[in-house]
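User: I'm new to this one. Could you walk me through its salt bridges and tell me how each label is earned?

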Amino acid sequence: IVPDDDVVEEQNNSKNSGTPNFDIPIADDYFMGLLGSQLLVKNGNSSTPTLLDTPNALTNSRLIALYFSASWCGPCRGFTPMLIEFHNVLKEEVASSHGLEIVFVSSDRSDAEFQQYYKKMPFKAMPFSQRELAQRAKSLFGVRGIPSLVIIDSLSGRIVVSPDESRREVQQACQYGEKAIERLFHSWLDKVPEESKSMLDILALSCAEADVPAKTGGGNTKAETYLKRTIQKEATVSSQLSKDDIAARVKELFPQLVAQGLAPNKAAAEAIKQATLQQSDSKLDSGHMGGESKIVTHYDPPVKTDMSVATAADNIYRMNSDDKDKVVAVLSTAQKYVANVQKDPTNPRFRNFRLSNKVFDKITSNAGSMELLKSLNFSVFHSDIDFVASIPLSVDLELLGKVLGKVLATYQHR
């Protein structure tokens with residue numbers, strides 16, 4: 001049955017900048033301890049700097065570069081124009097948000113020298129009065145000479161590229177133009193810790209999945225109104241978090257958890273978990289297809305596949321030229337999805353995954369992977385815009401996690 005007013009909505013194929021639409025939960029407390037509570041920033045084309053709280057100055061930075069330099073240093077005066085070009089290309093052409101933020105750490109002898117030198121730079125900067133912090137930062141990162149450029153992961157605070165390597169790479173990229181600068185930036189992103197990549201992937205996917213119903217009115221087409229109950233918008237606005245609220249809540253929780261003693265990576269994961277759990281706190285209101293919501297405690301067990309998880313993994317191994325690394329990648333990715341659902345088992349967003357997303361593609365891009373999904377009792381179906389895998393509510397998540405862990409361990413030690 002199709003509604004009489006059913007229409008085909010055209011896909012928007014306009015070029016997207018690719019900039020993620022969520023806030024990055026950077027390690028605010030770490031960078032405030034490292035750089036001080038405020039940084040100098042320049043707004044627009046203004047050459048007059050103003051003070052801004054460090055978390056706001058660094059907001060949505062994927063990488064943070066500390067540039068140790070001074071006006072009296074000849075090599076610094078030669079490198080600074082190249083770094084300015086590098087910065088401007090990234091901001092204007094590559095990543096205006098979720099990109100690289102450069103912070104100038106001065107070794108000038110006086111405030112007047114600092115002001116005169118900094119006047120030429122578009123970067124953020126530590127105030128000259130914070131000389132003790134600047135010296136501490138130089139010692140922390142082993143800076144013995146200038147100019148020196150330290151590239152840091154904004155989530156974990158770990159060094160991504162060593163000072164000597166980053167300076168040389170910037171010089172080479174600037175010689176070969178904008179494309180080389182873009183390639184260098186993405187090569188740095190590839191070097192961030194895997195924990196940080198996974199956290200951002202999960203956050204990005206959560207926000208992306210939340211964005212689809214918002215754009216389509218609760219489903220892919222009008223026909224889907226026959227398939228699911230519509231929740232009244234007025235009843236849920238106050239109790240459910242939007243994708244923007246989730247990102248804001250993660251950013252709020254992250255520094256609190258770090259202050260409690262959690263490592264930045266664990267704090268980010270816990271912040272994401274707590275923010276998304278608020279989704280399940282809201283109560284379902286009666287909708288158009290039914291007057292009540294009931295909890296079903298008895299259900300038929302899922303239909304079991306004839307193939308075990310271990311057998312399916314062995315098939316992947318054989319079908320991919322005995323490449324155990326591919327099997328490990330498939331199993332570890334599936335294990336992460338199951339672990340993510342265990343954190344919030346009532347949230348459908350974590351139970352459904354598009355087969356085209358770049359994380360799930362680590363599974364489906366390998367021959368034999370669909371049989372593995374069947375052995376895990378995943379459901380696979382299609383929507384109007386993509387194929388979707390789902391972990392049914394009837395699946396024993398704890399048992400599934402143990403089975404995956406056992407098979408994964410076998411291949412990791414093979």
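Analyst: Sure, here is a short tour of some salt bridges and the cut-offs behind them. This is a predicted model, where local features need pLDDT of at least 70, side-chain atom pairs count only at pLDDT 80 or more, and totals for chains, interfaces and linings use all residues. Residues are numbered from 1 along each chain as its sequence is written, and side-chain values use heavy atoms, with hydrogens and water left out.

User: Why is the contact of Glu169 and Lys191 called a salt bridge?

Analyst: The label needs a side-chain nitrogen of Lys or Arg within 4 Å of a carboxyl oxygen of Asp or Glu. Here the N to O distance is 3.9 Å, so the pair qualifies. Glu169 sits in helix α6 and Lys191 in the loop between α7 and α8, so the bridge ties together parts 22 residues apart in sequence. (Helices are DSSP runs of H or I, at least four residues, numbered from the N terminus.)

User: What makes Glu169 buried or exposed?

Analyst: Buried means under 20% relative accessible area, exposed over 50%, and partly exposed in between, with a 1.4 Å probe and protein chains only. Glu169 has 14%, so it's buried. Lys191, at 38%, counts as partly exposed.

User: How do you know that Lys374 and Glu371 form a salt bridge?

Analyst: Their N to O distance is 3.7 Å, so the pair fits the rule. Both lie in helix α16, three residues apart, about one turn of the helix. Lys374 is partly exposed at 47%, and so is Glu371 at 33%.

User: How many salt bridges does the rule give?

Analyst: The count comes to eleven.

Key. Helix = DSSP H or I, 4+ residues; strand = E, 2+ residues; numbered from the N terminus.
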